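This report covers pockets, cysteines, backbone geometry and salt bridges, in that order.

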Amino acid sequence: MKKYNLAVVGATGAVGQKMIQLLEDTAIPVGSLKLLASKRSAGKKIPFRGHELVVEETTADSFSGIDIALFSAGGAITKSFEQAARQSGAVVIDNTSAFRMDEQTPLVVPEVNPDALHTHQQLIANPNCSTIQMVVALKPIEEAFGLDRVIVSTYQAVSGAGLEALDELDQQSEQMLNGEDAVEAAILPAASDKKHYPIAFNVIPQIDVFGEDGYTLEEWKMINETKKIMGRPDLKVSATCVRVPVKYGHSESVYVEVKEDGVTAESLREVLRNAPGITLQDDPTNQDYPLALHAAGQKDTFVGRIRKDPNDERGFHLWIVSDNLVKGAAWNSIQIAEKMIEMKLL
Ligand code: A2P
């Protein structure tokens with residue numbers, strides 16, 4: 001059986017570490033695993049399958065002999081090294097936003113649009129975390145009842161902004177619990193923006209910087225990526241993205257308008273109960289619904305609180321929760337590689 005040599009670029013980051021953890025029991029026959037990060041991390045040791053792997057600095061020469069390169073070190077690093085990786089013969093699966101909206105680059109969630117992988121040119125984009133968990137639920141709904149409109153409000157975990165943001169949440173929480181009023185904020189809502197606000201005991205209606213029309217880039221990502229993955233440029237999608245002081249697991253309140261009349265909440269539940277990658281968790285009488293704390297560390301997307309809009313026959317509310325570092329990032333990337341092998345594209 002063919003074995004594949006893998007590289008993780010950004011191996012010391014929040015997503016990179018999760019990738020290494022999930023690769024422990026991947027279906028990919030792993031020949032070797034190379035861990036790449038910045039010069040600062042060179043020499044660091046990370047355990048994998050009973051061995052200590054040494055982190056190396058990422059350079060253009062890092063990809064010789066690599067079959068699959070999983071990138072998660074920020075868009076600038078992808079842009080610096082993806083060509084070198086592809087020229088060395090590797091297929092790049094990129095977890096940044098660098099190529100997601102590039103027409104030549106498939107943007108893939110394996111449960112939703114695996115066929116898009118057929119046109120790959122050694123580069124596949126992994127969608128934004130909040131988009132992935134939403135489309136996993138939207139696709140089976142669209143197939144069963146048609147879909148006209150999606151309105152989403154997110155409650156996004158701090159780990160989506162990286163390890164430094166998680167440290168910031170810990171420090172601020174400790175300071176506030178110790179009675180300090182003036183806690184410092186340097187990362188959130190967006191490291192590159194002018195102002196920063198504490199996330200501890202707070203809710204911040206800004207993820208990433210502002211783009212056009214008062215929407216943030218995260219909101220545009222959800223809008224544009226959803227249309228691309230679903231192959232539905234006509235789908236009406238709008239989003240409000242919010243950071244909450246949760247470590248792992250994005251929660252989303254999603255409102256959908258289906259095309260068909262006469263759809264019931266129960267028929268929606270039935271469709272989602274049988275959908276790949278979804279765990280239906282919807283039993284209000286027993287207070288059973290998806291929670292970020294329960295979804296953390298899990299591969300599935302959890303869906304519950306399904307109910308019909310009392311004012312609109314075709315409108316439904318859903319509560320969708322998934323671990324942003326797992327299905328939202330590392331697991332989806334690894335699933336793409338597994339799918340490509342299954343489809344004999346690798
Ligand atoms: P390093 O730890 O050496 O800085 P996160 O988003 O969780 O903070 O992770 C960012 C990841 O991107 C880390 O693994 C980080 O490595 C990596 N990274 C940052 N700058 C570079 C660079 N110039 N070359 C390669 N990897 C980088």
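A pocket is an open set of grid points where a 1.4 Å probe fits, with protein on both sides within 12 Å along at least five of seven lines. Its volume is the space filled by probe spheres set on the points. The model described here is predicted.

**Pockets**

The second largest pocket has a volume of about 190 Å³. Its lining consists of Ser 97, Arg 100, Met 101, Asp 208, Leu 217, Trp 220, Lys 221, Asn 224 and Glu 225. By class, these residues are three nonpolar, two polar and four charged. Domain 1 (4–126 + 329–342) and domain 2 (131–323) each contribute at least three residues to the lining of the second largest pocket.

The largest pocket encloses about 1,400 Å³. Its lining comprises 50 residues, and those nearest the centre are Ala 73, Gly 74, Gly 160, Ala 161 and Gly 162. The lining of the largest pocket divides into 19 nonpolar, 22 polar and nine charged residues. At least two lining residues come from each of helix 1 (14–23), helix 2 (75–87), helix 4 (163–177), helix 5 (217–230) and helix 8 (326–342). The largest pocket lies between domain 1 (4–126 + 329–342) and domain 2 (131–323), because both give residues to its lining.

**Cysteines**

The structure holds zero disulfides. For Cys 129, the nearest cysteine sulfur is that of Cys 241, 8.9 Å away. A disulfide requires two cysteine sulfur atoms within 2.5 Å, and the 8.9 Å between the sulfur of Cys 241 and that of Cys 129 is therefore too far for a bond. Cys 129 is buried at 14% relative accessibility, and Cys 241 is buried with a relative accessible area of 0%.

**Backbone geometry**

Most residues other than glycine have a negative phi, and most peptide bonds are trans. The peptide bond from Leu 188 to Pro 189 is cis, with omega near 5°. Pro 189 sits in the loop between helix 4 and helix 5. Phe 201 also lies in the loop between helix 4 and helix 5, and has a positive phi of about 55°. Phe 201 is exposed, at 58% relative accessibility.

Gln 122 has a positive phi, near 65°. Gln 122 is placed in the loop between strand 7 (91–94) and strand 8 (123–125), and is partly exposed at 28% relative accessibility.

**Salt bridges**

The structure holds 20 salt bridges. The table lists some of them, with N to O distances.

| Pair | N to O distance |
|---|---|
| Lys 247 and Asp 170 | 2.9 Å |
| Arg 269 and Asp 282 | 2.7 Å |
| Glu 313 and Lys 308 | 3.3 Å |

The bridge between Lys 247 and Asp 170 joins distant parts of the chain, 77 residues apart: Lys 247 is in the loop between strand 10 (236–240) and strand 11 (250–258), and Asp 170 is in helix 4. Lys 247 is partly exposed at 35% relative accessibility, and Asp 170 is partly exposed at 36%.

Which residues are linked in a network of salt bridges with Arg 269 and Asp 282? They are Glu 266, Glu 270 and Arg 273. Arg 269 belongs to helix 6 (residues 265–273), while Asp 282 lies 13 residues away in the loop between strand 12 (278–280) and helix 7 (292–295). Arg 269 and Asp 282 are both buried.

In the remaining pair of the table, Glu 313 is partly exposed at 41% relative accessibility, and Lys 308 is partly exposed at 29%.

Note on methods. Residues are numbered from 1 along each chain as its sequence is written. This is a predicted model: local features need pLDDT of at least 70, side-chain atom pairs count only at pLDDT 80 or more; totals for chains, interfaces and linings use all residues. Side-chain values use heavy atoms; hydrogens and water are left out. Buried means under 20% relative accessible area, exposed over 50%, partly exposed in between (1.4 Å probe, protein chains only). On a 1 Å grid over the protein atoms alone, a cavity is a set of points where a 1.4 Å probe fits but cannot get out, and a pocket is an open set with protein on both sides within 12 Å along at least five of seven lines; lining residues have an atom within 4 Å of a point. Helices (H or I, at least four residues) and strands (E, at least two) are DSSP runs, numbered from the N terminus. Ala, Val, Leu, Ile, Met, Phe, Trp, Tyr, Cys and Pro count as nonpolar, Asp, Glu, Lys and Arg as charged, and the others, Gly among them, as polar. Domain bounds come from an automatic or database domain assignment. A salt bridge is a side-chain nitrogen of Lys or Arg within 4 Å of a carboxyl oxygen of Asp or Glu.
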